[in-house]
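Dear colleague,

Please find below the structure that I am handing over to you. My notes on it follow directly after.

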Amino acid sequence: MPICYIKSISDDATLGLWHMSESWQDLKEMIKLPDTEWLPLEEKKTDKRKQEWLACRILLQEMAHSLPIISYDNNRKPHIKGSSKQLSMSHSGDYACVYVHDSEPVGVDLQQMKPSISKGSDYFLNEAEQHWADLDDNVLLHLIWCAKEAVFKFAGDADMDLKKHIITNPFKSNQNGIIEVSIQKEYVNMSVQVQYDAFDDYLLAWTV
């Protein structure tokens, strides 16, 4: 079973990473769901999307030692049915990750780095970030994107804008570290810490 790791982030939080080496047909044999829960899989248009959908649920099953059912709220934030545990999921390339906290909101984002992210940096960098960020530093730009996506999932607000409402404080790109991120939207003004790690050509960021 291609679990890269399942590790404790704190006494209350667990992070899991899965290498998706199996076909979606093989993954489907690894999990049993109620008949009513298979419809979203059937609606997936590509084999890749089916693989991602199944891998996240199998990883969550391994982390929870049970068969948790995932539902989504009006903001498309995932929840574990019948549980107070908080959930976030992400996938990119050949990997999928799942982040679970016993009670507090969490956010996780996984990105396979691409050489062209600087071309779209204006989409997610505000004026202040464009001033301090090195637009030639591909890793740094991906880290900012990852951190903002993790905080977006943490916030659970579909109307939140990565550029306007989620702001990263200056930092240097390294193999791992902590990024300070601010949420500034209407009556919300808070700071969130995001931890990150790099492996191969991937970046993984999660709220702490």
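A residue is called buried when its relative accessible area is under 20%, exposed when that value is over 50%, and partly exposed in between. The model is a predicted one, and the values below should be read accordingly.

By this cut-off, Lys 185 counts as buried, because its relative accessibility is 12%. Its neighbour in the numbering, Glu 186, counts as exposed at 72% relative accessibility.

**Salt bridges around Lys 185**

The side chain of Lys 185 meets that of Asp 157 in a salt bridge, with an N to O distance of 3.2 Å. Asp 157 lies in the loop between α5 (138-155) and β8 (166-168), whereas Lys 185 belongs to strand β9, so this pair ties together parts that are 28 residues apart in sequence. Lys 185 also forms a salt bridge with the side chain of Glu 186, at 3.8 Å from N to O. Asp 157, Lys 185 and Glu 186 are thus linked in a network of salt bridges.

**A further salt bridge**

The count of salt bridges comes to 8. One of them joins the side chains of Asp 102 and Lys 85, at 2.8 Å from N to O. This pair links distant parts of the chain, 17 residues apart: Asp 102 is in the loop between β6 (95-101) and β7 (108-112), and Lys 85 is in the loop between β4 (78-80) and β5 (86-92). Which degree of exposure do Asp 102 and Lys 85 have? Asp 102 is partly exposed, with a relative accessible area of 31%, and Lys 85 likewise counts as partly exposed, at 33%.

**Backbone angles**

Most residues other than glycine have a negative phi. Two residues deserve mention in this respect.

- Glu 186, although not a glycine, has a positive phi of about 50 degrees. This residue is found in the loop between β9 (176-185) and β10 (188-199).
- His 65, also a residue other than glycine, has a positive phi near 55 degrees. His 65 is placed in the loop between α3 (47-64) and β3 (70-72), and it is exposed, with a relative accessible area of 75%.

Glu 186 therefore appears twice in these notes: as an exposed residue with a relative accessible area of 72%, it has a positive phi and takes part in the salt-bridge network with Asp 157 and Lys 185.

With kind regards

Conventions:
Residues are numbered from 1 along each chain as its sequence is written. This is a predicted model: local features need pLDDT of at least 70, side-chain atom pairs count only at pLDDT 80 or more; totals for chains, interfaces and linings use all residues. Side-chain values use heavy atoms; hydrogens and water are left out. Helices (H or I, at least four residues) and strands (E, at least two) are DSSP runs, numbered from the N terminus. Buried means under 20% relative accessible area, exposed over 50%, partly exposed in between (1.4 Å probe, protein chains only). A salt bridge is a side-chain nitrogen of Lys or Arg within 4 Å of a carboxyl oxygen of Asp or Glu.
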